[in-house]
Amino acid sequence: MNNEIMEYVSGEVYGVWFLIGAALVFWMQAGFAMCETGFSRAKNAGNILMKNLMDFCIGTVMFIFLGFGLFLGEDALGGLVGIPTLDIFTNYAEFDWSNFIFNLVFCATTATIVSGAMAERTRFISYCVYSAIISAVIYPIEAHWTWGGGWLAQMGFHDFAGSNCIHMVGGICALVGAAMLGPRIGKYEKDKNGKITKVNAFPGHNIPMAALGVFILWLGWYGFNGAAATSVGQLGSIFITTTVAPAVATVVTMILTWVKYGKPDVSMCLNASLAGLVAITAPCDVVDVPGSMIIGAVAGLLVVFGVWLFDYVLRIDDPVGACAVHLVNGIWGTLAVGLFATNSAPTYSLADAEGNELLGLFYGGGFKLLGIQFIGMISTIIWTVVTIVITFFIIKKTLGLRASYEEEIEGLDSSEHGLPSAYSGFAIQDMTGTALDINENTNLGEDSYDNATEAQKNASVKVVKEIMVPAEGSAFYDTGMHKVAIIAKLARFDALKKALNELGVTGMTVTQVMGCGIQKGAGEYYRGVELDATLLPKIKVEVIVSGIPVDAVVEASKRALYTGHIGDGKIFVYNVTRVVKIRTGEENYDALQDVE
């Protein structure tokens with residue numbers, strides 16, 4: 001009788017912990033949102049937050065109608081898929097509510113991983129579509145193979161919490177998506193032959209936010225890995241391995257970046273913590289502390305290698321390091337089961353289809369478990385690559401994957417959501433990415449200026465000159481020195497800079513400003529209320545010229561800025577009465593010779 005009572009109590013306690021674990025995994029959505037936003041630029045912060053919100057909400061709808069049945073429905077087609085069911089509507093009284101919500105939050109995590117690698121240049125509608133497909137079809141079918149009683153589970157494949165089924169799958173989708181999108185504008189500089197000569201860094205705008213995201217994710221990972229534990233001993237062991245692996249990974253990355261770059265890299269160490277967590281996710285219940293330390297150490301090396309590989313070899317632009325963290329270390333964690341699984345772990349139960357115990361290669365088990373893990377991993381890779389390539393290809397040909405050139409430069413917050421800034425009231429300047437390169441996604445409209453009439457040119461790029469009084473000695477006497485102030489679109493800065501350089505102007509002052517003209521930038525709404533005036537992001541360039549004819553500067557600027565649309569900009573020309581170089585005391589023309 002006492003045993004029955006204890007079993008009942010134990011079952012109830014673990015049932016509650018199961019749901020608490022699900023809540024912790026849901027809380028990881030906040031971690032992903034903070035981490036991805038912090039590693040990206042301020043002009044896209046609202047867009048990234050919206051995507052992280054919607055992939056869970058859209059995923060919930062898709063999981064209700066299709067995903068849950070494909071995942072945990074009655075096994076069909078020899079373990080390839082579950083049969084879709086609508087029991088949540090037709091038989092709610094006997095529905096497995098806990099199992100549904102637990103697996104839903106894992107499903108949402110898979111879709112969230114993708115947004116980081118494709119950040120800052122993906123159309124929002126396209127994101128919603130592929131997120132829905134991942135949650136409805138791609139993830140549920142491959143997860144059924146492992147966790148739904150499918151064919152991989154039957155052969156002894158082991159992925160306790162998702163290195164393979166969640167992180168590697170999300171990483172593959174992220175890699176394919178980032179490759180098909182192409183890099184962010186300005187990420188890679190090319191020579192005249194189109195060869196990449198330089199990789200540019202786009203620093204995240206808020207590293208404290210990214211760090212907060214990592215700590216939230218680490219906390220959530222105790223539920224991610226531990227929620228399915230069946231005993232106190234197993235739960236304690238999982239907590240230890242889930243702590244040791246990311247800690248060691250972070251220390252290794254800190255040392256490696258310190259040696260390699262001269263200083264420990266903050267953002268790379270944040271990535272390393274996540275890499276260690278990803279790597280330990282599959283083997284967390286079957287490894288001991290020495291195994292966890294080795295898994296974490298390798299993860300710390302792999303994340304640095306992965307970031308370098310995607311940036312410098314494969315030329316795939318991943319703003320947050322999602323591919324290096326989730327894809328590379330998802331693979332490593334899956335294979336690590338076959339290397340480090342040991343029966344000293346509590347409630348160890350790995351066995352093949354005949355019931356024979358399976359152990360890792362380094363614990364006397366030979367290559368059998370490693371081979372099973374490899375087969376499961378390759379099968380999942382093939383399924384994911386084929387389905388996500390088809391998905392992205394169809395979206396690209398119909399809706400379009402990538403935001404326009406100008407939308408990307410100005411930021412997706414404004415173009416996709418009508419949000420002038422996610423930091424209203426804060427002065428945040430984002431000057432990264434202003435060294436632009438012409439690529440297959442670029443449409444500068446450079447030839448339109450020659451075809452425009454003088455009236456069109458003057459209307460589009462207005463020139464305002466200070467009226468001069470030609471009397472020597474007057475305060476307004478034309479000294480031959482002029483200040484040219486140019487206000488234009490961010491997207492035209494590189495063209496303007498090159499045009500001025502070709503004239504011989506090499507010194508300029510550049511400021512990012514916000515403003516609006518008579519049109520007020522109207523038409524945007526915040527919480528349903530139309531804004532009186534939307535301050536649009538602009539660039540202000542100021543140059544002082546003396547030896548170069550000011551009219552040549554004006555004409556070159558007009559040619560560089562002209563598109564024929566409202567908002568091309570304005571040029572102001574001022575007379576400069578006196579210039580003093582502080583260092584040498586030189587004045588006027590002589591003071592300007594080293595900056596022209």
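**Close-up 1. A nonpolar patch on the surface of this predicted model.** Seven names to look for here: F374, I378, I382, V386, I390, F393 and I394, which together offer about 640 Å² of accessible area. One of them, I382, sits in helix α13 and is exposed, at a relative accessible area of 52%.

**Close-up 2. Helix α13 from end to end.** This helix runs through residues 368–398, and its end C-alpha atoms lie 46 Å apart. That agrees with the 45 Å expected for 31 residues at 1.5 Å a residue. Just beyond α13, have a look at G400, whose phi is positive, about 90 degrees.

**Close-up 3. The salt bridge of R184 and D317.** Here the two side chains meet with N and O 2.7 Å apart. R184 belongs to the loop between α7 and β3, and D317 to the loop between α11 and α12, so the pair ties together parts 133 residues apart in sequence. Both partners are buried: R184 has a relative accessible area of 4%, and D317 has 1%.

**Close-up 4. Two salt bridges, R402 with E408 and E406 with K489.** In the R402–E408 pair, the closest N and O atoms are 2.8 Å apart; R402 is buried at 14% relative accessible area, as is E408 at 2%. E406 and K489 meet at 3.7 Å, N to O. This pair links helix α14, home of E406, to strand β6, home of K489, across 83 residues. E406 is partly exposed at 32%, whereas K489 is buried at 7%.

**Close-up 5. Two cysteines, C57 and C165.** C57 is partly exposed, with 34% relative accessible area, while C165 is buried at 0%. The whole structure contains 0 disulfides.

How values were computed: Residues numbered from 1 in each chain as written. Predicted model: local features only at pLDDT ≥ 70, side-chain atom pairs only at ≥ 80, totals over all residues. Heavy atoms only, no water. Helix = DSSP H or I, 4+ residues; strand = E, 2+ residues; numbered from the N terminus. Expected span 1.5 Å × (residues − 1). Patch = residues over 30% accessible without salt bridge, like charges linked within 9 Å, V, L, I, M, F, W, Y side chains within 5 Å. Areas by Shrake-Rupley, 256 points an atom, 1.4 Å probe, with all protein chains shown as cover. Salt bridge = Lys/Arg side-chain N within 4 Å of Asp/Glu carboxyl O. Buried < 20%, exposed > 50% of the residue type's maximum accessible area, 1.4 Å probe, protein only. Disulfide = S-S within 2.5 Å.
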